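This briefing concerns the internal packing, the cysteines and selected side-chain contacts of one protein chain. Please consult the sequence and the structure shown here alongside the points that follow.

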Amino acid sequence: HSSSLSCLTVPNKAVVTLQPNWSEIYRGETITLRCEIKDGGDTEWEYEWSPDNLNRPSTYNNYRIISVTRAHSGEYRCRGRRDSYSSTEWSDVIKLTISCKLDYLS
């Protein structure tokens with residue numbers, strides 16, 4: 001009887017990547033956060049993001065921020081959900097630091 005297996009986390013690992021993958025992101029730049037499921041195969045994944053305000057339609061595995069501001073600084077993570085019973089563990093946190101670019105007058 002397999003119903004006892006529901007609500008388990010599936011072994012696939014979620015990973016958040018940042019494009020461009022720079023240690024410093026400057027205000028006004030465009031970035032993309034992407035959620036990848038390692039060994040996810042061709043499963044139709046849904047994606048859940050933290051913080052919650054990133055949760056647009058959950059089928060998107062990437063989140064694009066155009067013209068970032070200091071308010072976008074913080075920690076981001078995601079997980080994949082196969083159905084209402086099984087999801088991956090939360091990914092490791094990716095820390096976003098938005099720097100102010102100093103525009104020197106020439």
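The largest nonpolar core has 20 residues, and those that touch the most other members are Leu18, Ile25, Ile31, Leu33, Cys35, Trp49 and Leu96. Two or more residues of this core come from each of strand 1 (13-19), strand 3, strand 4 (46-50), strand 5 (62-65), strand 6 and strand 7 (94-96). Strand 3 gives the largest share, 4 residues. The model is predicted, and the values below are computed from it.

**Nonpolar core**

- In soluble globular proteins, nonpolar side chains tend to be buried together.
- Leucine 96, one of the core residues that touch the most other members, is in contact with Leu18, Ile25, Ile31, His72, Ser73, Gly74 and Tyr76, when residues up to four places away in sequence are not counted.
- Leu18, Ile25 and Ile31, which are among these contacts of leucine 96, are also listed with the core members that touch the most others.

**Cysteines and the disulfide**

- A search of the whole structure yields 1 disulfide.
- This disulfide is formed by cysteine 35 and cysteine 78, whose sulfur atoms are 2.0 Å apart.
- Distant parts of the chain are linked by the pair: cysteine 35 belongs to strand 3 (residues 31-38) and cysteine 78 to strand 6 (residues 74-81), with their positions 43 residues apart in sequence terms, that is, 43 residues apart.
- The link of cysteine 35 and cysteine 78 is right-handed, with 80° about the S-S bond.
- Cysteine 35 counts as buried because its relative accessibility, 1%, is under 20%.
- Cysteine 78 is likewise buried, at a relative accessible area of 0%.
- Cysteine 100 has a relative accessible area of 34% and is therefore partly exposed.

**Serine 99**

- Serine 99 is located in strand 8 (residues 98-99).
- With a relative accessibility of 12%, serine 99 is classed as buried.
- A polar contact of 3.1 Å joins the side chain of serine 99 to the side chain of glutamate 24.
- Apart from neighbours within four places in sequence, the contacts of serine 99 are Glu24, Ile25, Tyr26 and Arg27.
- Ile25 thus appears in the contacts of serine 99 and in those of leucine 96.

**Aromatic rings**

- The count of aromatic pairs in the model is 0.
- Tryptophan 90 has arginine 77 over the face of its ring, at 4.5 Å from the ring centre.

Methods: Residues numbered from 1 in each chain as written. Predicted model: local features only at pLDDT ≥ 70, side-chain atom pairs only at ≥ 80, totals over all residues. Heavy atoms only, no water. Disulfide = S-S within 2.5 Å. Buried < 20%, exposed > 50% of the residue type's maximum accessible area, 1.4 Å probe, protein only. Phe/Tyr/Trp six-rings, centres within 6.5 Å; stacked < 30°, edge-to-face > 60°. Lys NZ or Arg CZ within 6 Å of the ring centre and 35° of its normal. Core = buried A, V, L, I, M, F, W, Y, C linked by side-chain atoms within 4.5 Å. Contact = heavy atoms within 4.5 Å. Polar contact = N/O pair within 3.5 Å; in protein donor to acceptor, adjacent residues only side chain to side chain.
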